[in-house]
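Biologist: I am new to reading protein models, and I would like some help. Could you show me the structure and take me through it step by step?

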Amino acid sequence: MKWTQIDVSTGSRTQLVEITGAVADEVGKSGVASGTCHVYVPHTTAGLTINENADPDVARDILADLARLVPAGGDYRHAEGNSDAHVKATLVGFSAMVPVIDGRPALGTWQGVFLCEFDGPRRRRVLVGVAGE
Amino acid sequence: MKWTQIDVSTGSRTQLVEITGAVADEVGKSGVASGTCHVYVPHTTAGLTINENADPDVARDILADLARLVPAGGDYRHAEGNSDAHVKATLVGFSAMVPVIDGRPALGTWQGVFLCEFDGPRRRRVLVGVAGE
Amino acid sequence: MKWTQIDVSTGSRTQLVEITGAVADEVGKSGVASGTCHVYVPHTTAGLTINENADPDVARDILADLARLVPAGGDYRHAEGNSDAHVKATLVGFSAMVPVIDGRPALGTWQGVFLCEFDGPRRRRVLVGVAGE
């Protein structure tokens, strides 16, 4: 199994950046017909999620709701003042698994894979690995 | 590694539907003695979780608390009006991994695997794949 | 693929206990150079997350924010009175995947792996398995 790094530059403090194309490219390059594609973010103020990529308002609503649930500038002790980003990342998670079937990521019709930036803008790294036969 | 589709019909807008039996069946059919069982939901308004399957009030409490945290009819832009379901799915996640040990899913004593319906009733698909030896 | 059990004793009702060292030990013992390390908690009131292990205030802020979002003694039906712990566990999740690259867990500079105790103090079990070549 080989891991490849994808570099993503985010443009604002909070942003959902779709990386579905890059993930699908890695699945194709792997030559794996049936298996699992694992995506991982080696950061602590960014995460990963899967959700609708057809209507951009869905990503907007997810970010707005996370900001409502975990407001910036809450009663935090962490000196860097970005604890909201750490909490949001723990809520969405740092990895995603997508089944690989017939050599392609078996995403649902409306699903896309998104890097969740919670403390940008920054340069982020995403690791993609494909296992199987 | 082989992926199998499980079809689940949900009966209300929000519901936790236990699929532990179907997951265990796939582990048994796979012949894998030691490995990983991956469960995936190819939807954007349904998710997956693991939690207690002994007292049904636990599932009820999880759904009630998610509804309190992410109320339907919040300040959303997504025209379909089901953004609460998209947000809840991102919070619980779209996949679950269960260890396979001695040919069986190594779930804890009280653990069950649940499809999380957040915008039903609908017919949902769940993909189950088992990797290992 | 071999699964190993790690025993963790927690010291308070809610606590983030870092288990990064034990996870790294299992990766080393596995002899896997490139693959995936899967960590799993077979409980329903404890979970797993990855986050910053440099400043302990981050773990404190995550626990405090989860307690604000999902207060103990909410309007729950589950007779054991620990539904907040079940909900928190579903929010953070019961498993974590860490890439294995060059024989080591490819955690980010600031990342650590944490058992999330939400209904302690208790003795908890964590399963760690490494797949790959």
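Modeller: We will go from the symmetry to the interfaces, then to a sheet and a single residue. This is a predicted model, in which local features need pLDDT of at least 70 and side-chain atom pairs count only at pLDDT 80 or more, while totals for chains, interfaces and linings use all residues. Residues are numbered from 1 along each chain as its sequence is written, chains are lettered from A and ligands numbered from 1 in the order in which they are written, and side-chain values use heavy atoms, with hydrogens and water left out.

Biologist: What turn lays chain A on chain B?

Modeller: Two copies of a chain are related by a rotation about an axis and a shift along it. Here, a turn of 120° with a shift of 0.0 Å along the axis lays chain A on chain B, with an RMSD of 0.0 Å. That is the relation of a three-fold axis. The superposition is by least squares on the C-alpha atoms of residues with pLDDT of at least 70 in both copies. Chain A is also superposed on chain C by a rotation of 120° and 0.0 Å of shift, with an RMSD of 0.0 Å.

Biologist: Which residue of chain A comes closest to the rotation axis?

Modeller: That is L91(A), whose C-alpha lies 3.4 Å from the axis.

Biologist: How many residues of chain A are in contact with chain B, and what area is buried between chain A and chain B?

Modeller: The size of an interface is often given as the accessible area lost when the parts come together. For chain A and chain B the buried area is about 2300 Å², and carbon and sulfur atoms give 56% of that; the area is taken with a 1.4 Å probe and summed over both parts. As for contact (heavy atoms within 4.5 Å), 31 residues of chain A meet 26 residues of chain B. R60(A), D61(A) and M97(A) supply 20% of the area that chain A buries against chain B, more than any other three residues.

Biologist: How many salt bridges are counted between chain A and chain B?

Modeller: A salt bridge is a side-chain nitrogen of Lys or Arg within 4 Å of a carboxyl oxygen of Asp or Glu. The count between chain A and chain B is zero, and between chain A and chain C it is zero too.

Biologist: Why do the copies meet through different surfaces?

Modeller: Only 10% of the interface residues of chain A are also interface residues in chain B, so the copies meet through different surfaces. Towards chain C, 26 residues of chain A are in contact with 31 residues of chain C.

Biologist: In what order do the three strands of the open sheet in chain A stand?

Modeller: Strands of a sheet pair through backbone hydrogen bonds, either parallel or antiparallel. In chain A the order is β2-β7-β4, with antiparallel pairing. β2 (15-18) and β4 (46-52) of chain A are at the edges, each with a single partner strand, so one side of each has no neighbour in the sheet. The twist averages 35° from one strand to the next. Strands are DSSP runs of E, at least two residues long, and helices are runs of H or I, at least four, numbered from the N terminus; two strands pair if DSSP finds at least two bridges between them. β4(A) and β7(A) (residues 111-117) pair over seven bridges, and N51(A) has G112(A) as its bridge partner in β7(A).

Biologist: Is T20(A) buried or exposed?

Modeller: T20(A) counts as buried, at 15% relative accessibility; buried means under 20% relative accessible area, exposed over 50%, and partly exposed in between (1.4 Å probe, protein chains only). T20(A) is found in helix α1 (residues 20-30) of chain A. Leaving out residues up to four places away in sequence, T20(A) touches N53(A), L107(A), G112(A) and V113(A).

Terms used:
Axes are lines fitted to C-alpha atoms, for helices over the stretch in contact, and angles run from 0 to 180 degrees between N-to-C directions. Buried area is the accessible area (1.4 Å probe) that two parts lose on being put together, summed over both.
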